[in-house]
Amino acid sequence: MIVSGKVEALIRGLPKAELHVHLEGTLEPELMFDLARRNHIDLPFPSIDAAREAYRFNNLQEFLDLYYQGMAVLRTEEDFFDLTYAYLKRAHDDGVRHVEMFFDPQGHTERDVSFGEVIRGITRARVTAESSLSMSTKLIMCFLRHLPESDAFATYSEAEPWLEEIVGIGLDSSELGHPPSKFARVFQLAREDGLKTVAHAGEEGPPEYVREAVEILGVDRIDHGNRALEDPDLVRRLVDDATTLTVCPLSNLRLCVVDDMRSHPIRKMLELDLKVTVNSDDPAYFGGYVNDNFMAVHDALTLTPEECMVLARNSFEGAFLDADSRAAYLDEIRRYAEQQA
Ligand code: HPA
Ligand code: ZN
């Protein structure tokens, strides 16, 4: 029998990478209130508890409405530094050794916060964390898919002076009605520039959106991908291509993508040999960071120690790391597993 406390300790110490986290979704209500005060912005919540109380969602759109409202407190380089550094410290506490984090520049530039202000704050926090917490980090710029492709092109142009800091592009926001194919040309441009590409697909959208992300956008990873399981041919392709899926269990529960953690598709994904990883998505809104996500899955579906190791290995294998860094992290897992034996 597997003792749950033992698996919990194993998860806590397990070296892992987080590949699906939106920086703006790490904005805890405490920091939101601090930044609102600093920037003289009125919040629609009377207290921190009231903000947390409002985080009850029936679907993705209900969450996104509060997510865009919340990010309005982020105005200066310092705000983006504080947000990013607070998340990286928190991730470090969870044994996260490498992070690939999303940011949504259009959520800021449309409020007249400059692209430079945003990326300078994030970059300074990354540099600080890399030396003081000895973690590695990368940044992925997402396009808001509810906006036209022409806006994504305009944002790409704004990012051009900063492409050294950006490992890839992604696609997020309201999925239904905004298929990946809408962004075919801007993804092609980014690929030609040597950037990595990822896209949210199959969170609420149908398996065809996952297929489009793979076949039309040529993505290196799928963010979520839950609904791919409805199409066996697609599953076969994802397995054959060893496509990484960045799954977010607590997000799925809080956005009613699954009814109950016991029916979460991650068990099936593992059985099918899909390259599944565990991630937090928007931890300030969904009630947990990466270890909380591992534990929620374990409590509902009982992860074996070997499955925990597979999930951690998948996270480094799916990361946009150079071969030496990847090998070093996989070696950390190997040594950790030996210590556990
Ligand atoms: N899905 C789509 N867009 C998002 C999400 C998400 O879970 N979080 C932040 N933007
Ligand atoms: Zn997401």
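In the predicted model, ligand 1 is surrounded by H22, L60, F63, L64, Y67, D172, S173, H200, E203, H224, D281 and D282, a residue being counted when one of its heavy atoms lies within 4 Å of the molecule. By class, this shell comprises 4 nonpolar, 4 polar and 4 charged residues, where Ala, Val, Leu, Ile, Met, Phe, Trp, Tyr, Cys and Pro count as nonpolar, Asp, Glu, Lys and Arg as charged, and the others, Gly among them, as polar. Helix 4 (residues 60–70) contributes the most to the shell, with 4 residues, helices being DSSP runs of H or I with at least four residues, numbered from the N terminus.

Polar contacts are pairs of N or O atoms within 3.5 Å. A polar side-chain atom of E203 lies 2.8 Å from a nitrogen atom of ligand 1, a side-chain N or O atom of D281 is 2.8 Å from an oxygen atom of the ligand, and a side-chain N or O atom of D282 is 2.7 Å from a ligand nitrogen atom. Of the 260 Å² of accessible area that ligand 1 has on its own, the protein covers 100%, as computed by the Shrake-Rupley method with a 1.4 Å probe.

Elsewhere, the structure holds 27 salt bridges, each defined by a side-chain nitrogen of Lys or Arg within 4 Å of a carboxyl oxygen of Asp or Glu. R37 forms a salt bridge with D34, with the closest N and O atoms 3.4 Å apart; because the two residues are 3 apart in helix 2 (residues 29–38), R37 and D34 are separated by about one helical turn.

Residues are numbered from 1 along each chain as its sequence is written, while chains are lettered from A and ligands numbered from 1 in the order in which they are written. Because this is a predicted model, local features need pLDDT of at least 70 and side-chain atom pairs count only at pLDDT 80 or more, whereas totals for chains, interfaces and linings use all residues, and side-chain values use heavy atoms, with hydrogens and water left out.

Conventions. A polar contact is a pair of N or O atoms within 3.5 Å; within protein, one must be able to donate a hydrogen and the other to accept it, and residues adjacent in sequence count only if both atoms are side-chain atoms.
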